[in-house]
Amino acid sequence: MTKSALNIADLSVGTEIGTRTIEITRADLVKYAGASGDFNPIHWNERFAREVELPGVIAHGMFTMGAAVQLVTDWAGDPSAVVSYGTRFTKPVPVADLDGEPGAVVEVTGVVGALDSDARTARIDLTVTLEGQKVLVKAQALVRMA
Amino acid sequence: MTINPELQGRSYPSNEIYSVGRESIRDFARAVKAGNSAHFDVAAARELGHADLVAPPTYAIIVAQRADALLINDPDSGIDFTRVVHAEQRFTHHRAIVAGDELVAELHVDGVRGMGGGAMITTRAEISTVAGESVATTVSAILVRGEGQ
């Protein structure tokens, strides 16, 4: 397992690693469905989504989770430095059909939540919101450091 | 339909091999809006010490959800897939997934808990290479919504 080029000695708990904005269109959900093999129609069929009592087409939780962690991999340099990553999905992300314009905009921020100098890992805590409301809760990635 | 309470403790052995290809890694990386060159450019991946293109941190979900499908599509499980909501997900990587890997997964049903008219089901996929090398462990919690949930 490779590690990030960043040195753990240069970090402290509470340090912000950056922010990222994820603009989501209906086409993004179709693309994610194809790439992941998750073709559940609640992610692309408005009529079907409403029939099963959802507010409309919603993003795959795994799309949001997968896109949010890019803040961490960009910061770490090597994607494989992320040794573990987990989250709870608390609120759906409805994606409006706006003819190619973003139907939802998700904001991601990351801070150093914990450091383990023996294991040489940093825990990055992500805050992932849609219109100010958290959509992922306890989104945490453990990163192996130099 | 009601969830079969005897699912807990059940395992589903891997019934297919997932061959990780370069284009699959590139497609998945684009789909999650990943920009790291190690997902796209073999030379960049090798510079970081990898044998080939590296998969993004959530790529293992492809293999995990194929394994989950064994349970969800099992007529004996009582799960209506149209009422399944993803509640929780965790990945633990034992080593990076790279293009060229041949992966298999064994699914374990670790928990079944009734919630109103529905149920919360926790599954764990142990992902390894066909040669038996451990690659990743994924844990998913899915909520099967009952009527009106």
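## Close-up views of a two-chain model

**Figure 1. A hairpin links E4(A) and E5(A).** Strands E4(A) and E5(A) form a hairpin with two residues between them, and Glu131(A), in the turn, has a positive phi of about 50 degrees. What you are looking at is a predicted model. E5(A) covers residues 133–144 of chain A, and nine bridges join this strand to E4(A), with the two running antiparallel. To find your place in the pairing, look for Ile124(A), which stands opposite Ala141(A) in E5(A).

**Figure 2. E4(A) also pairs with E3(A).** Here the view moves to the other hairpin of E4(A). Strand E3(A), residues 104–116, and strand E4(A), residues 121–130, pair in the antiparallel sense over 10 bridges. A handy landmark is Ala114(A), whose bridge partner in E4(A) is Arg123(A). The hairpin formed by E3(A) and E4(A) has four residues between the strands. In that turn sits Arg120(A), with a positive phi of about 55 degrees.

**Figure 3. Helix H1 of chain A has neighbours in both chains.** H1(A) spans residues 26–36 of chain A. Its buried residues are Arg26(A), Asp28(A), Leu29(A), Tyr32(A), Ala35(A) and Ser36(A). From chain A, strand E1 (16–24) and helix H3 (61–68) pack against these buried residues; from chain B, helices H1 and H3 do so too. Just past the end of H1(A) comes Gly37(A), which takes a positive phi of about 85 degrees.

**Figure 4. Helix H3 of chain A is mostly covered.** How many of the residues of H3(A) are buried? The count is eight of eight. Following the helix, you will meet the buried residues Gly61(A), Met62(A), Phe63(A) and Thr64(A), then Met65(A), Gly66(A), Ala67(A) and Ala68(A). This helix is also among the elements that the buried residues of H1(A) pack against, so to speak a link back to the previous view.

**Figure 5. Helix H1 of chain B keeps its buried residues on the same side.** In H1(B), the buried residues are Ile25(B), Phe28(B), Ala29(B) and Ala31(B). These four lie on the same side of H1(B) because they cover an arc of only 160 degrees around the axis. What covers them includes helix H1 of chain A, residues 26–36. H1(B) is followed by Lys33(B), where phi is positive and near 60 degrees.

**Figure 6. Asn36(B) sits in a loop and touches chain A.** Is Asn36(B), in the loop between H1 and helix H2 (42–47) of chain B, buried or exposed? Asn36(B) counts as buried, because there are 20 C-beta neighbours inside 10 Å. Leaving aside residues up to four places away in sequence, Asn36(B) touches Thr73(A), Asp74(A) and Pro79(A). For a sense of scale, consider Ala60(B): this residue and Asn36(B) are 24 residues apart in sequence and, C-alpha to C-alpha, 17 Å apart in space.

**Figure 7. Chain B meets chain A through helices and a strand.** At the interface, 32 residues of chain B are in contact with 31 residues of chain A. On the chain B side, the elements that give two or more residues are helix H1 (22–31), helix H3 (61–72) and strand E3 (84–93). E3(B) provides the largest share, with eight residues. By residue type, this side of chain B divides into 14 nonpolar, 11 polar and seven charged residues. Strand pairing crosses between the chains as well: E2(A), residues 82–89, and E3(B) pair in the antiparallel sense over five bridges. One pair to look for is Thr87(A) and its bridge partner in E3(B), Gln89(B).

**Figure 8. Chain B as a whole.** Stepping back, chain B has three helices and six strands, arranged along the sequence as β-β-α-α-α-β-β-β-β. Its C-alpha atoms fill a box of roughly 50 × 30 × 20 Å along the principal axes. Chain B has 149 residues, 42% of which count as buried. Among its contacts with a separation of 6 or more, 71% are between residues 24 or more positions apart. As for confidence, the mean pLDDT of chain B is 93, and 98% of its residues reach 70 or more. For the complex, the predictor gives an ipTM of 0.95 and a pTM of 0.95.

Key
Residues numbered from 1 in each chain as written. Chains lettered and ligands numbered in written order. Predicted model: local features only at pLDDT ≥ 70, side-chain atom pairs only at ≥ 80, totals over all residues. Contact = placed C-beta atoms within 7 Å. Nonpolar A, V, L, I, M, F, W, Y, C, P; charged D, E, K, R; others polar. Pairing = 2+ DSSP bridges. Buried ≥ 20, exposed ≤ 12 C-beta atoms within 10 Å, placed from the backbone. Arc of directions from axis to C-beta. pLDDT = per-residue confidence, 0-100.
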